[in-house]
Amino acid sequence: MSDQINTQEQEKVESLHKPFSWVHTETVDRGTRFIESVMDMCSGLHTCLQLVHSTDLALHARSMDDDEAMPVLGSVDKERLLRLAIAVTGVLAEGAFEEIEWINDRSR
């Protein structure tokens with residue numbers, strides 16, 4: 001009986017997640033989803049690289065006796081963001097390769 005009540009309660013709860021798309025059209029094809037993923041990943045990659053670069057600039061300034069320059073990231077966080085950037089570029093390259101293969105298969 002308890003399981004039935006829990007199931008009924010779960011059915012009443014609405015999801016907080018709402019689907020989102022950068023493309024404002026009803027017609028969405030395979031390439032559209034890939035382009036949206038590329039935009040999201042590149043935006044995140046851009047932020048990661050900005051943070052790493054800012055940290056490097058601050059570390060360089062500190063090495064030149066500028067005690068005011070504070071690095072944004074510690075060495076562990078910097079390494080994690082660089083590894084994330086490496087992973088994201090790999091996923092992007094793999095996804096692009098799959099799209100190219102799909103296009104080439106369709107053109108035959």
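**Chat about a three-helix model**

Me: How many helices and strands are there in the protein?
Reply: There are 3 helices and 0 strands. Both come from DSSP runs numbered from the N terminus: H or I with at least four residues for helices, E with at least two for strands. Along the sequence the pattern reads α-α-α.

Me: What kind of model is this, and how are residues numbered?
Reply: The model is predicted, so local features need pLDDT of at least 70 and side-chain atom pairs count only at pLDDT 80 or more, while totals for chains, interfaces and linings use all residues. Residues are numbered from 1 along each chain as its sequence is written, and side-chain values use heavy atoms, with hydrogens and water left out.

Me: What share of the protein counts as buried?
Reply: Of its 108 residues, 16% do. Buried is under 20% relative accessible area, exposed is over 50%, and partly exposed is in between (1.4 Å probe, protein chains only).

Me: And the accessible surface, what does that come to?
Reply: About 9000 Å², with 58% of that belonging to carbon and sulfur atoms. Areas are from the Shrake-Rupley method with a 1.4 Å probe, and for residues only the protein chains shown count as cover.

Me: Switching topic: how many salt bridges does the structure hold?
Reply: It holds 2. The criterion is a side-chain nitrogen of Lys or Arg within 4 Å of a carboxyl oxygen of Asp or Glu.

Me: Which side chain meets Asp56 in a salt bridge?
Reply: That of Lys78, at 2.4 Å, N to O. This pair links distant parts of the chain, with Asp56 in helix α2 and Lys78 in helix α3, 22 residues apart. Asp56 is partly exposed, at 33% relative accessibility.

Me: What about Glu36, which side chain does that one meet?
Reply: Arg33, with 3.1 Å from N to O. They sit 3 residues apart in helix α2, so about one helical turn separates them.

Me: Is Glu36 buried or exposed?
Reply: Buried, at 9% relative accessibility. Arg33 is partly exposed, with a relative accessible area of 45%.

Me: Where does the negative charge gather on the surface?
Reply: In a patch of Asp65, Asp66, Asp67 and Glu68. Patch members have over 30% relative accessible area and no salt bridge, with like charges joined within 9 Å and nonpolar side chains (Val, Leu, Ile, Met, Phe, Trp, Tyr) within 5 Å.

Me: Where is Asp66 found?
Reply: In the loop between α2 (30–63) and α3 (75–107). Asp66 is partly exposed, with a relative accessible area of 32%.

Terms used. Lys, Arg positive; Asp, Glu negative; His and termini not counted. Charge placed at Lys NZ, Arg CZ, Asp CG, Glu CD.
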